[in-house]
Amino acid sequence: MAAKKTLRSASALADAGLVAADRLPALERVAAQYAVAITPDMAQLIDEADPFDPIARQFVADEAELVTLPAESADPIGDFTHSPVEGIVHRYPDRVLLKPTHTCAVYCRFCFRREMVGPEGLKTLSPAELDAAFAYIAARPQIWEVIVTGGDPLVLSPRRIADLMDRLEAIEHVKVVRFHTRIPSVDPEAVTPELVAALKRGSKAVYVALHANHAHELTPAARAACARLVDAGVPMIGQTVLLKGVNDDPESLGALMRALVETRVKPYYLHQGDLAPGTSHLRTTVEEGQALMKAIRGRYSGLCQPTYVLDIPDGHGKVPIGPNYLDAGAVEDPRGQTHAYPPKAD
């Protein structure tokens, strides 16, 4: 389909032919609780005739979101627990999250911050709140890296991003700034020379982490947007959420990782789905994820191997949960055969 503007309501989804009209009452209840937005670039990728379309599954509201399991939480990874001041999450000693905005260009149906970015969620930081956030960073010399997230920080204007970079430049102990975003794929035209210049201000090492879950998202326009960043000297890494019906088979996951590497985006993390409310229909088991990681090991280049991780609920940190190949003196190769290690002497 060809949407000319971002679809922001259940009725807009129906008007665009992405959902049947008889689903509207339920989907309006979903939209009242969890924000809806699909950019034209993403909407045009959706095959309306495919009930299992991987792009639609990520962005089109679903009645299943009204089902909340007992284990699910509005703050599944403990952002609020580790937020000493508004807009800061300080979970690890050497780095903090800075969340200047809670607005996104698109709203993922599996988002672990869906309560924070929803219709009744958190707002963009006020000038006073932003001052307090920078004061917190400046007062703690152990903070080596600032991860700018949200929301999606690249929805901010180049002027505001330049201001963020100037303020971080003034904090000597901050050496690395990382932006987490979907913008290069969901709104590639927003990656303008002005935006790239804003990211490149100052002397800090700047990285951009692109969130992408299916190879279809890496369109020619998205690849060109990433090239504008990489060619300007901004390294890119890729983050992916393991999603049922989107990338939970070796072919889909492998194709995504190859597409990222072709785009010069190094696969970084494959996230186990967080226990966010209303997301159980999109979540795989850890065992399924480990089997997938085994399936792509050896079959796809080492450049295509992300680290499979779990964010432990309540803010206890992120840990790798990939399969183990070495056990009790035997090592398993990518074909599933075992070999003695260390090798036995003849």
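## Buried, exposed and one helix with two sides

Let's start with a definition: a residue is buried when its relative accessible area is under 20%, exposed when that area is over 50%, and partly exposed in between. Keep in mind that this is a predicted model.

With those words in hand, take helix H2, which covers residues 24–33. Leu24, Ala26, Leu27 and Val30 are its buried residues. Looking down the axis of H2, you'd find these buried residues within an arc of 160°, so they line one face of the helix. Turn to the face that points away from the buried side, and you meet the exposed residues Pro25, Arg29 and Ala32. And what covers the buried residues of H2? Helix H1 (10–15) is included in that cover.

## Salt bridges across the chain

The model has 19 salt bridges. A good one to look up is the pair Arg114 and Glu65, whose closest N and O atoms are 2.4 Å apart. This pair links distant parts of the chain, with their positions 49 residues apart in sequence. Arg114 belongs to helix H5 (residues 114–117), while Glu65 sits in the loop between helix H4 (54–59) and strand S1 (88–92). Are the two partners buried or exposed? Arg114 is buried because its relative accessible area is 3%, and Glu65 counts as buried too, at 1% relative accessibility.

Next up is Arg201, which pairs with Asp166 at 2.8 Å between the closest N and O atoms. Here too distant parts of the chain are linked, 35 residues apart. Arg201 is in the loop between helix H9 (193–199) and strand S5 (205–211), and Asp166 is in helix H7 (residues 158–169). With a relative accessible area of 37%, Arg201 is partly exposed. Asp166 is partly exposed as well, at 36% relative accessibility.

## A bridge between two helices, and a network

The side chains of Arg223 and Glu262 also form a salt bridge, at 3.0 Å from N to O. This one runs from helix H10 (residues 220–231), where Arg223 is, to helix H11 (residues 250–262), where Glu262 is, with the pair 39 residues apart. Arg223 counts as partly exposed at 29% relative accessibility, whereas Glu262 counts as exposed at 55%.

Some salt bridges share partners, and in this way Asp79, Arg91, Lys99 and Arg113 are joined into one network.

## Three cysteines from the record

Which residues does UniProt list for "binding site"? The unreviewed entry gives Cys104, Cys108 and Cys111. In the model, the lining of the largest pocket includes Cys104, Cys108 and Cys111.

You can find Cys104 in the loop between strand S2 (95–98) and H5, and Cys108 is in the loop between S2 and H5 as well. Cys104 is buried, with a relative accessible area of 14%, and Cys108 is buried at 13%. Leaving out residues up to four places away in sequence, Cys104 touches Gly151, Asp152 and Val155. Counted in that way, the contacts of Cys108 are Gln58, Phe59 and Arg182.

## No disulfides

How many disulfides does the model have? The count is 0. A disulfide would need two cysteine sulfur atoms within 2.5 Å. For Cys108, the closest cysteine sulfur is in Cys111, 6.3 Å away, so the two are too far apart for a bond.

Cys304 is in no disulfide either, and its nearest cysteine sulfur, in Cys226, is 15 Å away. At 4% relative accessibility, Cys304 counts as buried.

## A meeting across the sequence

One last stop is Asp314, in the loop between strand S8 (307–312) and strand S9 (317–320). Asp314 and Ile77 are 237 residues apart in sequence, yet their C-alpha atoms are 4.8 Å apart in space. What else does Asp314 touch, not counting residues up to four places away in sequence? Besides Ile77, Asp314 touches Pro76, Gly78 and His82.

Definitions and conventions
Residues numbered from 1 in each chain as written. Predicted model: local features only at pLDDT ≥ 70, side-chain atom pairs only at ≥ 80, totals over all residues. Heavy atoms only, no water. Salt bridge = Lys/Arg side-chain N within 4 Å of Asp/Glu carboxyl O. Helix = DSSP H or I, 4+ residues; strand = E, 2+ residues; numbered from the N terminus. Buried < 20%, exposed > 50% of the residue type's maximum accessible area, 1.4 Å probe, protein only. Arc of directions from axis to C-beta. Contact = heavy atoms within 4.5 Å. UniProt positions renumbered as here; feature names shortened; annotations may be inferred. 1 Å grid on protein atoms, 1.4 Å probe; cavity = no way out; pocket = protein on both sides within 12 Å on 5 of 7 lines; lining within 4 Å.
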